[in-house]
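Welcome! Take a moment to look over the chain below, and then we will walk through it together, piece by piece.

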Amino acid sequence: MPIEWQTCPPDPLLWIQWREPLLQLLLTPWLLLPLLAIGFGLVLCLLPWSLPWPWRALLFATVVLLSSGIYSPVATDLMSRWLTAQQPDAVVTASHRSIPLAVLLGRGPQIPQATTAEAARQLHSNAVAAVYVSGDQPSTAQRLLRLGVPPERVAGDSCSRTTWENDTNTSLWLQRHHPGAAVLLITDPWQQPRAA
């Protein structure tokens, strides 16, 4: 039995096609930090400042070092913990006592590996009834199959490119196949506030 998967035609808006490569370029430390250094260096050189050059150099070095600290494992861990703490605890109501469905959200090569492993663990322990992969490639669903998840318990789409589309497409699938079911959101801390 094949996976229930919805694939959409490419979006006619050019910026949607270029969004992921541009975000990848801007969020890669070895690319962003030199751009930041050049930009801030130009600002320091071109603006008429009353600071002497040694102070300008110190300010320049401080800004670049602080900016590079954002990419450190310690900063990532602290930010992940803070983002996770911002989410309210799950509330189970009387209407949601049935087994929930897992919805996977996230992009990038590391996120699907972690989310699919967690979804497979939840499915194998019968904590969730099925998994819906929203806005990712079919390879993420195939990874679930390699982890031993039956194909009839996996569905998804490659159509969702925004939070609104994630919500709309997931809701349509839930209404068709599991109306009224609770949802267990599986994503990474950086996507969690947006996804929730």
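Two residues are in contact here when they have heavy atoms within 4.5 Å of each other. Keep in mind as you read that this is a predicted model.

With that idea of contact in hand, which residues does Val154 touch, not counting residues up to four places away in sequence? They are Ile3, Glu4, Val131, Ala141, Leu144, Leu145 and Val149. Several of these names will come back below.

**The overall plan**

The chain has 196 residues, and 31% of them count as buried. It holds 8 helices and 5 strands, and reading along the sequence gives the pattern β-α-α-α-α-β-α-β-α-β-α-β-α. Among contacts between residues at least 6 apart in sequence, 73% link residues at least 24 apart.

**The sheet**

How are the strands arranged? The 5 strands make an open sheet with parallel pairing, in the order S1-S4-S3-S2-S5. S1 (4–6) and S5 are at the edges and have a single partner strand each, so one side of each lacks a neighbour in the sheet. From one strand to the next, the twist averages 15°. As general background, strands of a sheet pair through backbone hydrogen bonds, either parallel or antiparallel.

Here are the strand pairs, with their bridges and an example of residues that face each other.

| Strand pair | Bridges | Example of facing residues |
|---|---|---|
| S1 and S4 | 3 bridges | Gln6 and Asp157 |
| S3 and S4 | 4 bridges | Tyr132 and Ala155 |
| S2 and S3 | 3 bridges | Val103 and Tyr132 |
| S2 and S5 | 4 bridges | Leu101 and Val183 |

To find these strands in the view, look for S2 at residues 101–104, S3 at residues 131–134, S4 at residues 154–157 and S5 at residues 183–186. S2 and S3 also meet where Ala102 has Val131 as its bridge partner.

Now turn to the two faces of these strands. S2 is covered on both: Leu101 and Val103 are buried on one side, and Ala102 and Leu104 are buried on the other. S3 is likewise covered on both faces, with Val131 and Val133 buried on one side and Tyr132 and Ser134 on the other.

**Helices around the strands**

S3, H6 and S4 together form a right-handed β-α-β unit. H6 spans residues 138–146, and its buried residues include Thr140, Ala141 and Leu144. Why do these lie on the same side of H6? They cover an arc of only 100° around the axis, which places them on the same side. In general, an α-helix has 3.6 residues a turn, so residues three or four places apart point the same way. Just after H6 comes Gly148, which takes a positive phi of about 90°.

**Two nonpolar cores**

In soluble globular proteins, nonpolar side chains tend to be buried together. In this model, the largest nonpolar core has 15 residues, and those with the most contacts inside it are Leu104, Ala119, Val131, Val133, Leu144, Val149 and Val154. S2, H5 (110–124), S3 and H6 are the elements that give two or more residues to this core. Which element supplies the largest share? H5 does, with 3 residues.

A second core, separate from that one, has 9 residues, among them Leu101, Val103, Trp173 and Ala181.

**A residue in a loop**

One last stop is Ala182, which sits in the loop between H7 and S5. Is Ala182 buried or exposed? Its relative accessible area is 16%, and buried means under 20%, so Ala182 counts as buried. In sequence, Ala182 and Leu101 are 81 residues apart, while their C-alpha atoms are 6.3 Å apart in space. Leu101 is a residue you have already met, as a buried member of S2 and as the bridge partner of Val183 in S5.

Terms used
Residues numbered from 1 in each chain as written. Predicted model: local features only at pLDDT ≥ 70, side-chain atom pairs only at ≥ 80, totals over all residues. Heavy atoms only, no water. Buried < 20%, exposed > 50% of the residue type's maximum accessible area, 1.4 Å probe, protein only. Arc of directions from axis to C-beta. Pairing = 2+ DSSP bridges. Axes fitted to C-alpha atoms, helices over the stretch in contact; angles between N-to-C directions. Right-handed = clockwise from strand over helix to strand, strands pointing away. Core = buried A, V, L, I, M, F, W, Y, C linked by side-chain atoms within 4.5 Å.
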